[in-house]
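Biologist: I would like a close look at one part of this model. Please start from a single residue and then work outward.

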Amino acid sequence: MNYKEELKSMTILFKAFQSVEAFAKKDIAKYGMNPTEFAALEALYHKGRLPVQGMCQKVLIANSSMTYVLDKLQEKKLIERIQDSTDKRTFYVELTGSGKKLADDIFPKHYEVMRQVFEVLTAEEKKMLGELLKKVGFNALDMADSIE
């Protein structure tokens with residue numbers, strides 16, 4: 001593969017990501033949330049109670065930004081923060097009853113909408129896509145260490 005083909009692959013990847021992201025953001029907006037709030041709620045829905053640091057890793061944002069997101073979710077009474085009884089520096093986050101109820105309602109709807117994006121692919125193509133994207137992603141991570 002020459003460099004033009006590799007750049008074309010990268011352009012296709014970025015354009016596909018932008019299209020899927022825009023579609024997801026439009027669906028998420030229907031629920032009165034931004035993508036980061038939605039991702040935080042989703043992490044708690046699937047993983048249960050998490051430390052704030054664990055939330056940052058799941059949602060892939062900095063601690064300072066996570067504080068803002070959690071404040072917004074707490075204002076909406078969707079989550080609560082609980083201080084660790086043995087380590088006062090550690091806080092956990094979990095869904096409230098209304099947060100769980102909202103998540104039970106919106107996530108199946110959102111998954112169905114997002115599933116439709118990928119229904120153009122066969123099961124084998126979806127598996128292959130996942131494997132190829134992981135391969136490229138891990139290679140990029142490995143190579144990032146060598147860039148000065």
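Biologist: Does Leu-60 count as buried or exposed? Please take me through its surroundings too.

Modeller: Leu-60 counts as exposed, at 72% relative accessibility. The cut-offs are simple: buried is under 20% relative accessible area, exposed is over 50%, and partly exposed is in between, with a 1.4 Å probe and protein chains only. Before going on, note that this is a predicted model, in which local features need pLDDT of at least 70 and side-chain atom pairs count only at pLDDT 80 or more, while totals for chains, interfaces and linings use all residues. Residues are numbered from 1 along each chain as its sequence is written, and side-chain values use heavy atoms, with hydrogens and water left out.

Leu-60 sits in the loop between H3 and H4. Helices (H or I, at least four residues) and strands (E, at least two) are DSSP runs, numbered from the N terminus. The backbone of Leu-60 stands out: phi is positive, about 65 degrees, although the residue is not a glycine. That value comes just after H3.

Now step back into H3 itself. Its buried residues are Val-52, Gly-54, Met-55, Cys-56 and Val-59. Their cover includes H2, strand E1 (50-51), H4 and E3.

Met-55 leads on to the core. The largest nonpolar core has 24 residues, and Met-33, Met-55 and Met-66 touch the most other members. Helix H2 (35-47), helix H3 (52-59), helix H4 (63-75), strand E3 (91-95) and helix H5 (97-118) are the elements that give two or more residues to this core. H2 supplies the largest share, 5 residues. A nonpolar core here is a set of buried Ala, Val, Leu, Ile, Met, Phe, Trp, Tyr and Cys residues joined through side-chain atoms within 4.5 Å.

Look next at Met-33. Setting aside neighbours within four places in sequence, Met-33 is in contact with Ile-28, Phe-38, Leu-41, Leu-73, Lys-76, Leu-102 and Ile-106. Contact means heavy atoms within 4.5 Å.

H2 also holds a charged residue, Glu-37. Glu-37 is buried, with a relative accessible area of 7%. Leaving out residues up to four places away in sequence, Glu-37 touches Gly-32, Val-69, Lys-72, Leu-73 and Lys-76. Two of these names, Leu-73 and Lys-76, also appear among the contacts of Met-33.

After H2 comes Gly-48, in the loop between H2 and E1. Gly-48 is partly exposed, with a relative accessible area of 27%. Beyond residues up to four places away, Gly-48 touches Ala-43 and Val-93. Gly-48 and Glu-94 are 46 residues apart in sequence, yet their C-alpha atoms are 6.4 Å apart in space.

The far side of H4 brings another positive phi. Lys-77 lies in the loop between H4 and strand E2 (79-83). Its phi is about 60 degrees, and Lys-77 is not a glycine either. Lys-77 is exposed, with a relative accessible area of 58%.

Move on to the loop between E2 and E3, which holds Arg-89. Arg-89 counts as exposed, at 73% relative accessibility. From Arg-89 to Thr-36 is 24 Å, C-alpha to C-alpha, with their positions 53 residues apart in sequence. Asp-87 is found in the loop between E2 and E3 as well. Asp-87 counts as partly exposed, at 24% relative accessibility. The C-alpha atoms of Asp-87 and Val-117 are separated by 44 Å, and the two residues are 30 apart along the chain.

Finally, the whole chain. The protein chain has 6 helices and 3 strands. From the N terminus on, the order is α-α-β-α-α-β-β-α-α. Its radius of gyration is 19 Å, well over the 15 Å that the globule rule gives for 148 residues, so the chain is more spread out than a compact globule. That radius is taken over C-alpha atoms, and the globule rule is 2.2 Å times the number of residues to the power 0.38. Along its principal axes the C-alpha trace spans about 55 × 40 × 25 Å. Of the 148 residues, 23% count as buried. Among contacts with a separation of 6 or more, residues 24 or more positions apart account for 48%.
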